[in-house]
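Q: Could you walk me through this protein chain, starting with the overall picture and then going to single residues?

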Amino acid sequence: MRLLKSHPILGLANSYMIDSPQPASISYMWNFGSLLGACLVIQIVTGVTLAMHYTPNIELAFFVWGGFSVNNATLNRLFSLHYLLPFILAALAAMHLLAIHEHGSSNPLGVSGNTDRLPFHPYFVFKDLVTIFLFLLVLALVIFFVPNAMGHSDNYIPANPMQTPASIVPEWYLLPFYAILRSIPNKLLGVVAMFSSLLILLVMPIVDTSRLTSQY
């Protein structure tokens, strides 16, 4: 145990994963953070694996768009974006943990919760493991028993480079942004509106006029 506190790298991990004081009132609903972290790790591992078999050639790679403007440069840029994005998210998650470690967490009541805290390990480690194993169980059931439940029959149609499928739509979590782009005829204004729907969340701390604010 002394090595965990004296070693420069192990001491940092110990301060985050073992001795980090957390509010005792945290329930299982707060475990989505660790679950999203596990999904991010899976995305990074699968991204690196797919990168090993990637080729920036439109004749050998999978068909992406369905138009004549798709070329090798398009595949390179799309691949770079999808490959680097999980690492950027991982860096943002690390910055979030660093900010919590340095300044602590807040609560809507504006009162200090330092009087009722528990160490992260073993209390919250095992609570997070319950959620992660439950997620892996559900994922395994879908993969091994009903792999096509969330798919579409059009996925089995061979790609035709001369025709884009009529029923092609983004994933469900991108449908709101897809609807914004479809509802605005001007492409530039549609892109601005799509990004504004996300960036508007950054304005909330500025426009918050509540008299009760948290300082902890």
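A: What follows goes from the whole chain to one helix and then to a few side chains.

A: This is a predicted model, in which local features need pLDDT of at least 70 and side-chain atom pairs count only at pLDDT 80 or more, while totals for chains, interfaces and linings use all residues. Residues are numbered from 1 along each chain as its sequence is written, and side-chain values use heavy atoms, with hydrogens and water left out.

Q: How many helices and strands does the protein chain have?

A: The protein chain has eight helices and two strands, where helices (H or I, at least four residues) and strands (E, at least two) are DSSP runs numbered from the N terminus. From the N terminus on, the order is α-α-β-α-α-β-α-α-α-α.

Q: And what share of the residues counts as buried?

A: Of the 216 residues in the protein chain, 12% count as buried; buried means under 20% relative accessible area, exposed means over 50%, and partly exposed is in between, with a 1.4 Å probe and protein chains only.

Q: OK, what is the span of helix α5?

A: Helix α5 covers residues 120–145, which is 26 residues, and from its first C-alpha to its last it reaches 36 Å, close to the 38 Å expected at 1.5 Å a residue. The expected span is 1.5 Å times one less than the number of residues in the helix.

Q: Which residues of α5 are buried?

A: Phe120, Phe124, Val125, Lys127, Asp128, Thr131 and Ile132 are buried in α5.

Q: Why does threonine 131 count as buried, and what is it in contact with?

A: Threonine 131 counts as buried because its relative accessibility is 16%. Leaving aside neighbours within four places in sequence, threonine 131 is in contact (heavy atoms within 4.5 Å) with Tyr28, Asn31 and Leu35.

Q: What about aspartate 128, which side chain of opposite charge is nearest?

A: That is lysine 127, 7.8 Å away, and aspartate 128 is buried yet has no salt bridge. A salt bridge is a side-chain nitrogen of Lys or Arg within 4 Å of a carboxyl oxygen of Asp or Glu; for charge, Lys and Arg count as positive and Asp and Glu as negative, while His and the chain ends are not counted. Not counting residues up to four places away in sequence, aspartate 128 touches Asn31, Ser34 and Phe120.

Q: Changing topic, where does histidine 101 lie, and is it buried or partly exposed?

A: Histidine 101 lies in helix α4, residues 72–103, and with 35% relative accessibility it counts as partly exposed. The C-alpha atoms of histidine 101 and proline 21 are separated by 9.4 Å, although these residues are 80 apart along the chain.
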